[in-house]
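Colleague: I would like a close look at a single part of this model, together with the elements that surround that part. Please take me through the surroundings step by step.

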Amino acid sequence: GDVPLENIHVKDLDKFEAKQDGDVIYRLYSPQADGPRPLILFLHGGGECGYDNLLQMTGTLGALKLAELYPYLYVMAPQAPGNIDEMLPDPSTVFQNTFYTSMLLPGMGWNTEYIAQVCDIIRKMISDGKVDPHKVFVTGLSMGGCGTIRAMRVAGDLFAAAAPICPSMIPDTYDTLRSLTDAKIWVSTAYVDHTFYRHKYIVDAIMQLKDAGNRNAHLTLYAPEEFEKYGFADPCLPVLEKFSENHNAWVLTYNNEHGIMDWLVSQYKS
């Protein structure tokens with residue numbers, strides 16, 4: 001039978017302290033350092049919402065990998081409220097979602113109020129001298145990619161740079177993304193994803209930023225061969241399964257394909 005999640009040993013999980021601050025539950029990896037260090041905020045995807053302060057660590061490649069890649073900086077991994085069964089009662093509807101129908105329930109997931117509270121915790125870490133105010137970064141996948149874009153709206157002054165991965169494209173995230181004319185941002189996603197036309201809106205938004213003169217707006221559309229290298233998107237898969245597999249773009253990004261993560265953590269906010 002299935003082993004209960006709490007009985008599974010997750011490598012390096014003990015390096016992250018479980019914390020709560022107001023409504024926000026999160027895990028925090030702290031580097032061995034006396035002076036202020038950079039911080040990377042990791043926002044999980046829709047399937048890892050909840051209240052156990054664990055699933056955001058174990059559900060997908062993310063926070064643990066970032067701490068392994070960059071042990072000299074803080075990695076903060078909050079958990080967004082809600083649970084996937086309430087938010088998405090019928091997972092098959094993902095493939096019927098359009099730009100206008102992919103909506104989140106109020107107060108669930110990476111809503112702006114929760115993101116603002118998360119950012120307040122980081123601001124306090126800055127004022128306490130723990131975090132370098134010039135080197136705070138944000139990244140997230142899927143719903144967390146959407147959260148990353150919202151974080152740039154809620155607290156754009158806080159972040160040196162952002163790396164949203166396969167971000168949900170709905171009217172508010174599209175409008176925010178194309179307004180980030182001064183932000184350092186690198187979006188990565190598949191050439192086609194599990195929500196049809198997602199990549200079309202992402203490309204449009206990044207092109208608008210470039211047209212507006214933003215030289216720090218970058219886009220990577222992973223090709224089929226790049227997915228195959230990681231064992232995803234076998235060319236023989238039925239089309240809907242292939243689109244679902246293509247959603248795993250974060251595996252490529254968090255393995256530093258195209259140097260995206262190295263770019264992120266090397267940025268500096270003056």
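Modeller: What follows goes from the sheet to the helices on it, and then to one histidine and a proline.

This is a predicted model, and its sheet is a convenient place to begin. Eight strands make up an open sheet with mixed pairing, and their order is β1-β2-β4-β3-β5-β6-β7-β8. The edges are formed by β1 (16-21) and β8 (217-222), each of which pairs on one side only, and from one strand to the next the twist averages 20°. At the β8 edge, β7 (residues 185-190) pairs with β8 in the parallel sense over six bridges, and within this part of the sheet Ser188 stands opposite Thr220 in β8.

Two helices that pack on the sheet can now be added. Helix α4 (residues 112-127) touches β1, β2 (24-29), β3, β4 (74-79) and β5 (131-141), and its direction makes about 45° with that of β2. Helix α5 (residues 143-155) packs on the sheet as well, touching β3, β5 and β6 (161-165), with its direction at about 145° to that of β5. From its first C-alpha to its last, α5 reaches 18 Å over 13 residues, close to the 18 Å expected at 1.5 Å a residue. This helix is mostly covered, since eleven of its 13 residues are buried; among them are Met143, Gly144, Cys146, Arg150 and Ala155.

With these elements in place, the histidine can be examined more closely. His44 lies in the loop between β3 (37-43) and α1 (55-58), and because its relative accessible area is 0%, under the 20% cut-off, His44 counts as buried. Leaving aside residues up to four places away in sequence, His44 touches Cys49, Gln56, Pro78, Gln79, Ala80, Trp110, Leu141, Met143 and Gly144. Two of these contacts, Met143 and Gly144, are also listed among the buried residues of α5. For Ala80 there is a further detail, in that the side chain of His44 reaches the backbone nitrogen of Ala80 at 2.9 Å.

The proline to consider last is Pro81, found in the loop between β4 and α3 (84-87). Pro81 has a relative accessible area of 14%, and because this too is under 20%, Pro81 is classed as buried. Its C-alpha atom and that of Leu61, 20 residues apart along the chain, are separated by 20 Å.

Notes:
Residues numbered from 1 in each chain as written. Predicted model: local features only at pLDDT ≥ 70, side-chain atom pairs only at ≥ 80, totals over all residues. Heavy atoms only, no water. Helix = DSSP H or I, 4+ residues; strand = E, 2+ residues; numbered from the N terminus. Buried < 20%, exposed > 50% of the residue type's maximum accessible area, 1.4 Å probe, protein only. Polar contact = N/O pair within 3.5 Å; in protein donor to acceptor, adjacent residues only side chain to side chain. Contact = heavy atoms within 4.5 Å. Pairing = 2+ DSSP bridges. Axes fitted to C-alpha atoms, helices over the stretch in contact; angles between N-to-C directions. Expected span 1.5 Å × (residues − 1).
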